[in-house]
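I am opening a fresh page for this structure. Have a look along with me.

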Amino acid sequence: MIKQIKKIFNFWKKVLKIRGWKPTIVLAEDLGESAAEVYTVDTSKEFTVLIDKNYNEDIKELNHNILHELIHVFLAPYVNYITDTLLFIKNNPNIKINYDKIFKQLKNREEKIVEKLTKILLEHINYT
Ligand SMILES: [Zn+2]
């Protein structure tokens, strides 16, 4: 499975032109609700993709989930910038914001954009 994951992973990494990032791929179990997850460290350009092996037995699903997680990596510099800005505002005693609510909304919107882009790319580019 890890060989197949790396093949798909490298395919989409090239399509999205994700360069300079150090990836780690981990086969996981029991990720809960999600079939795959990604954690990015923007400052050191490192990311870890977790693939739940209980969900991704179907190649189509695996392909979808790897692309989805790589789009999160693609957007990471933007999302992290917004998150840092929100934290900066939150720590300013003169400004009151509901950080948790805004952060949750940001994450929900990111999720929707990532899923939309995943579907668009899958419609137009075939992994073979
Ligand atoms: Zn996602």
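Here are my notes, entry by entry.

**Ground rules.** I am working with a predicted model, where local features need pLDDT of at least 70 and side-chain atom pairs count only at pLDDT 80 or more, while totals for chains, interfaces and linings use all residues. I number residues from 1 along each chain as its sequence is written.

**The core.** I looked up the largest nonpolar core (a set of buried Ala, Val, Leu, Ile, Met, Phe, Trp, Tyr and Cys residues joined through C-beta atoms within 7 Å). It has 18 residues, of which Ile5, Ile8, Trp12, Ile66 and Leu70 touch the most other members. At least two residues each come from α1 (2-15), β2 (36-41), β3 and α2; α2 gives the largest share, 7 residues. Helices (H or I, at least four residues) and strands (E, at least two) are DSSP runs, numbered from the N terminus.

**Trp12.** Beyond its neighbours within four places in sequence, I found Trp12 in contact (C-beta atoms, placed from the backbone, within 7 Å) with Ile66, Leu67 and Leu70.

**Lys53.** I found Lys53 in the loop between β3 (46-52) and α2 (59-90). Is Lys53 buried or exposed? Lys53 is partly exposed, because 16 other C-beta atoms lie within 10 Å; buried takes 20 or more, exposed 12 or fewer, and partly exposed is in between, with C-beta atoms placed from the backbone. Leaving aside neighbours within four places in sequence, Lys53 is in contact with Met1, Leu27 and Glu29.

**Helix α3.** I traced α3 over residues 99-124, 26 residues in total. Only 2 of them are buried, so α3 lies largely in the open.

Definitions and conventions: The expected span of a helix is 1.5 Å times one less than its number of residues. Two residues are in contact if their C-beta atoms, placed from the backbone, lie within 7 Å.
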